[in-house]
Amino acid sequence: MRIFSTVLAATKDALDYRTEQGLDIEYIQFAAKHAEPSRVSLYQRFAKNIGRYLPGWEFVRVTKNPEYVKFIVKRGDSKK
């Protein structure tokens, strides 16, 4: 749970900083190598439950290539 809390805090801090700078963040991607199953699991859990941790955000999709798994989330009010 400690690592999960760290990922959540870092994500919130990054979003807050960018908002303060006047940047409009619509999407966030979390990527992990297939060779790191614990990181893949962590990001999967975080992405699939993003709305619980960051209200207004929602899970979009998972993309995979031979090396990485990417989890994409977006702001619920995003036009894209």
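The radius of gyration of the protein chain, taken over C-alpha atoms, is 13 Å, which agrees with the value near 12 Å that a compact globule of 80 residues would have. The globule rule behind this comparison is 2.2 Å times the number of residues to the power 0.38. Along the principal axes, the C-alpha atoms fill a box of roughly 35 × 30 × 20 Å. The structure is a predicted model, in which local features need pLDDT of at least 70 and side-chain atom pairs count only at pLDDT 80 or more, while totals for chains, interfaces and linings use all residues. Residues are numbered from 1 along each chain as its sequence is written, and side-chain values use heavy atoms, with hydrogens and water left out.

Three helices and three strands make up the secondary structure of the protein chain; these are DSSP runs (H or I of at least four residues for helices, E of at least two for strands), numbered from the N terminus. Read from that end, the order of elements is α-β-α-α-β-β. Among contacts (heavy atoms within 4.5 Å) with a separation of 6 or more, 58% join residues 24 or more positions apart.

The accessible surface, from the Shrake-Rupley method with a 1.4 Å probe, comes to about 5,600 Å², and 50% of this area belongs to carbon and sulfur atoms. Buried residues (under 20% relative accessible area, against over 50% for exposed and in between for partly exposed, with a 1.4 Å probe and protein chains only) make up 29% of the 80 residues. As for charge, the chain carries 15 positive and 9 negative side chains, and the centres of the two sets lie 7 Å apart. Here Lys and Arg count as positive and Asp and Glu as negative, leaving out His and the chain ends; each charge is placed at NZ of Lys, CZ of Arg, CG of Asp or CD of Glu.

Turning to the interior, the largest nonpolar core has 19 residues, of which Phe30, Tyr43, Phe46, Trp57, Phe71 and Val73 touch the most other members. Such a core is a set of buried Ala, Val, Leu, Ile, Met, Phe, Trp, Tyr and Cys residues joined through side-chain atoms within 4.5 Å. At least two residues of this core come from each of α1 (2–20), β1 (27–33), α2 (37–48), α3 (50–53) and β3 (68–75). Helix α2 gives the largest share, five residues. Beyond four places in sequence, the residues touched by Val73 include Tyr27, Ile28, Phe30, Ala47, Ile50, Trp57 and Glu58.

Two positions in helix α1 can be set side by side. Thr11, in this helix, is buried, because its relative accessible area is 8%. Leaving aside neighbours within four places, Thr11 is in contact with Ile28, Phe30, Phe46 and Leu54. Ser5, also placed in α1, is partly exposed at 39%. The C-alpha atoms of Ser5 and Arg52 are 13 Å apart, with the two positions 47 residues apart in sequence numbering.

Strand β2 (residues 57–64) holds Arg61, and Glu58 lies in β2 as well. Glu58 counts as partly exposed because its relative accessibility is 34%. Apart from neighbours within four places, Glu58 is in contact with Ile50, Val73, Lys74 and Gly76. Arg61 is partly exposed too, with a relative accessible area of 44%; setting aside neighbours within four places, its contacts are Lys70, Phe71 and Ile72.
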